[in-house]
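Please look over the structure shown here, and consider how its parts meet one another. The report after it is meant to be read alongside the model.

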Amino acid sequence: MRARRWPVAGRYLLLLLVFVICVGPFLWQLSTSLKGPTENVYSDPPKLLPEHPTLENYKKVGEIIPVWDYALNSLKVALANVASNVIGASMAGYALARLKFKGRKYAALVFLIAMLVPAESIMIAQLTTMRSLDLHNTLTAVVLPGCVAALSVLLMRNAFRNVPEEIEEAAIVDGANVWQRYFRIGLPAVKGTLAVVAIFAFMGAWDDFLWPLIVLADDSNYTLTIGLNFLHGTFSNNQRLIAAGTMIAVLPLIVMFACLQRYFFRGVGEGAVKG
Amino acid sequence: MKSAANATNAATTASTATRAGTVATVPAPPTPDVARPAAVRRGRAGRVRTHMAHSPWAFLLPGIVITLAFNIYPFIATVWKAFTDSRTLTPGTFVGLANFQEMLQDEQFWIGLRNSSLYVLVVVPCMVFFPLLMALLVHKQIPGIAFFRSAFYTPVVASVVVVGLIWVWMLDERGLVNAVLKVVGFGAVPFLSDQWLILLSAMLVTVWKGLGYYMIIYMAALGNVPRELYEAASVDGAGPLRRFWSVTVPGVRNTMVLVGALSSVAAFRVFSEVFLMAGQDGGPAGEDTTLVMLVQRVGTGLSGRVGYASAISMVLFVITLILLLAVFAAERRDKK
C-alpha cells in the first residue's frame with residue numbers, strides 16, 4: 001500500500017544519490033592514490049578512473065615517511081587497547097553487576113563521573129601526568145588514559161545484569177567460586193557485548209588523533225593518524241601520496257567493518273543511550 | 001561448564017531453596033521464576049555467601065586504578081591548576097582568578113568560544129534532520145538495503161584525519177567539488193582559504209562523518225513507531241509530508257532530543273576537522289581557532305601555559321556539562 005506512494009524506483013534513485021555522497025569521496029581518494037606520476041590529477045574535466053592504475057604511490061609514501069612503522073604503532077596501540085578494555089571492563093562490569101559489596105555505589109559513581117568529563121577538558125592535566133610518570137612520548141602513554149574506558153565498564157555492567165541470575169545460583173550451589181563463575185558463566189553469556197567493546201576499542205585507538213598528537217613528540221613513535229597529519233603538513237602538494245597514505249589508514253577498518261558490521265551497529269545503539 | 005539441562009535443574013532447586021520459608025515447599029515451575037527475577041534476587045540477599053569480601057575489589061582493581069589515575073586525578077588537577085600560573089616545566093603558584101580575568105581580555109578565547117558555539121548552531125540541526133531522512137530511506141526492507149545501510153555508515157568508521165584529508169583534497173581550489181561547480185557554471189570557490197568558508201567546510205566534514213552514526217540511532221527509534229499510525233494517517237488522506245510531520249516526528253521526538261544533545265556535545269568539542277582544514281594556527285589570523293584548539297595550542301609544548309590552558313578547559317567542561325545534562329534529561333524522558 002505504501003509502496004505505491006513511495007515508488008520503488010524513486011527510492012533506489014535516492015539511495016544511489018546518498019551512496020554517491022557518502023562513499024564517493026572515498027572512491028575519489030582511492031582513484032587518486034592509483035594515478036601514476038605522469039597522470040594529471042587536476043585534469044579538467046576530472047578523470048574518475050586512473051588511466052594507468054599503479055601501486056607506485058603506496059611504495060613512494062613509504063619512502064617519504066615510515067608509513068608501515070606508523071601502521072605497526074597504530075596496530076600495537078589498538079590491540080593493547082582492545083585487550084585492556086576487554087579484560088579490565090569485563091572484570092569491573094562483572095563486579096558492579098553481580099557482586100554485592102560495600103562501596104559498590106561509589107565504585108559505579110567513579111566510572112560515571114569519568115564518563116561525564118570530556119577528554120578534551122582534562123588532556124593538558126593528563127599530559128602533565130604522563131610527563132611526571134616519564135611516559136611522555138611513548139606508546140604506553142597513548143594507550144593508558146582510555147585503556148579501561150568508563151563507557152566500556154558501564155556497557156559490560158549492563159550486559160552482565162541481563163544474564164539470568166538462576167544460572168549463576170546453580171553454580172554457587174555447586175561450589176563454584178567467584179572467579180570460576182566470572183570465567184565460565186559470566187563471560188560466555190556476554191560475548192556479544194565483549195565483541196562490541198573490543199571493536200569500539202580498536203576503532204577508537206586506531207582513529208584517535210588529538211591525544212596522540214599532544215603526547216607523542218618524537219616522530220619515530222608516531223601513530224598512523226599523526227603520521228598522516230605530518231605528511232599533509234609537509235607534502236601537501238602531492239595529492240597522490242596523501243591519498244595513498246589515507247587509504248592505508250582506512251582500508252583495515254573498512255575490511256573489519258565489512259566483516260563485523262552487526263557489532264558496529266549494536267555498539268551505536270548501546271553506546272548512544274549510555275554516552 | 002555443565003550441560004544446559006543440568007544447569008536449569010539446579011537453578012530451579014537453588015532458587016526454591018533460597019526462598020524457603022516464604023514460598024510453599026512444593027517446587028515452583030521454572031517459568032514464574034524467570035518472569036520475576038527481582039523476587040529471586042531479594043530472596044537470596046545475605047543468605048548464601050557468594051564471594052570473599054575482597055573479591056569485588058580485585059575485580060575492580062584495574063578499572064578503578066586506571067580511571068582514578070588518568071581521569072579523575074587529571075580532572076582534579078585541572079580544577080586546581082586553573083587557579084595557578086603553572087607551566088609545563090614549573091609547577092607554578094596560586095594566582096586566584098587571574099587566568100579567568102585574562103581570558104576575558106583574550107581575543108583568541110572569544111574567537112574560540114564563538115567558533116565552537118557556531119559549530120553547535122550549524123552542525124546540530126543538520127545532525128538532527130538529515131540522518132532521520134536517511135533512516136526513513138533505509139528503514140524499509142527492500143532488496144539490497146543492507147548494502148546501502150553499511151555504505152552510509154562507512155564515514156563513521158574512518159578516522160577523522162582520513163576523512164579530513166579526503167575533503168581537503170575534494171575541496172581543493174582545483175579539486176573535485178570545484179570542478180563540478182565549474183561545470184554548473186560557478187567560479188572556483190576558495191573553500192580552504194576564506195575564514196568563513198574554512199569553518200563551513202569543516203562543519204560539512206563533521207556532518208558528513210556523523211550522518212551514518214545518527215542514522216543507526218534513528219533506525220532503532222523508527223522501529224518503535226506503530227505502523228497503524230501511518231495507516232490511520234493514510235486513511236485520513238495525509239500525504240507523505242503530512243505523515244512525516246504528524247506521525248514520524250512525534251514518534252521519534254525523544255530520539256531527536258537525544259541526537260541533538262549528543263551531537264551538540266560532540267560539536268562543541270570539535271578539534272580535528274578544523275585543525276586539518278585551517279592548519280594548526282587556526283586559519284587566516286587565527287580566526288578559525290576553536291576552544292579545544294586553543295587549549296591544545298596554549299597548554300602543550302615546552303613553554304606550555306598549563307595554568308591558563310586549564311582555566312580554558314574548565315570553561316569547556318562547564319559548557320559541555322550543561323549540554324550533557326540535556327542528554328540525561330532526554331534519556332530519562334525516553335524511558336518514561
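What follows describes contacts between chains and between domains in a predicted model.

**Between the chains**

The contact between the two chains draws on 88 residues from chain A and 86 residues from chain B. On the side of chain A that touches chain B, the largest share comes from helix α14 (residues 239-274) of chain A, which supplies 16 residues.

One helix pair that bridges the chains is α2 (residues 8-33) of chain A and α8 (residues 160-170) of chain B, whose axes lie 10 Å apart and which pack at an angle of about 75°. Because angles of 65 to 115 degrees count as roughly perpendicular, α2(A) and α8(B) are therefore described as roughly perpendicular to each other. From α2(A), the residues that make this contact are Pro25(A), Phe26(A), Trp28(A), Gln29(A) and Thr32(A), and they meet Ile166(B), Trp167(B), Trp169(B) and Met170(B) of α8(B).

**Within chain A**

Chain A is divided into domain 1, spanning 2-54, and domain 2, spanning 65-274. The C-alpha centres of these two domains of chain A lie 33 Å apart, and their contact takes six residues from domain 1 of chain A and six residues from domain 2 of chain A.

**Residue classes**

The table gives the make-up of these contacts by class.

| Set of residues | Nonpolar | Polar | Charged |
|---|---|---|---|
| Side of chain A that touches chain B | 62 residues | 15 residues | 11 residues |
| Contact of α2(A) with α8(B) | seven residues | two residues | no residues |
| Side of domain 1 of chain A that touches domain 2 of chain A | two residues | three residues | one residue |

Technical notes: Residues numbered from 1 in each chain as written. Chains lettered and ligands numbered in written order. Predicted model: local features only at pLDDT ≥ 70, side-chain atom pairs only at ≥ 80, totals over all residues. Axes fitted to C-alpha atoms, helices over the stretch in contact; angles between N-to-C directions. Helix = DSSP H or I, 4+ residues; strand = E, 2+ residues; numbered from the N terminus. Parallel < 35°, antiparallel > 145°, perpendicular 65-115°, else oblique. Contact = placed C-beta atoms within 7 Å. Nonpolar A, V, L, I, M, F, W, Y, C, P; charged D, E, K, R; others polar. Domains from an automatic or database assignment.
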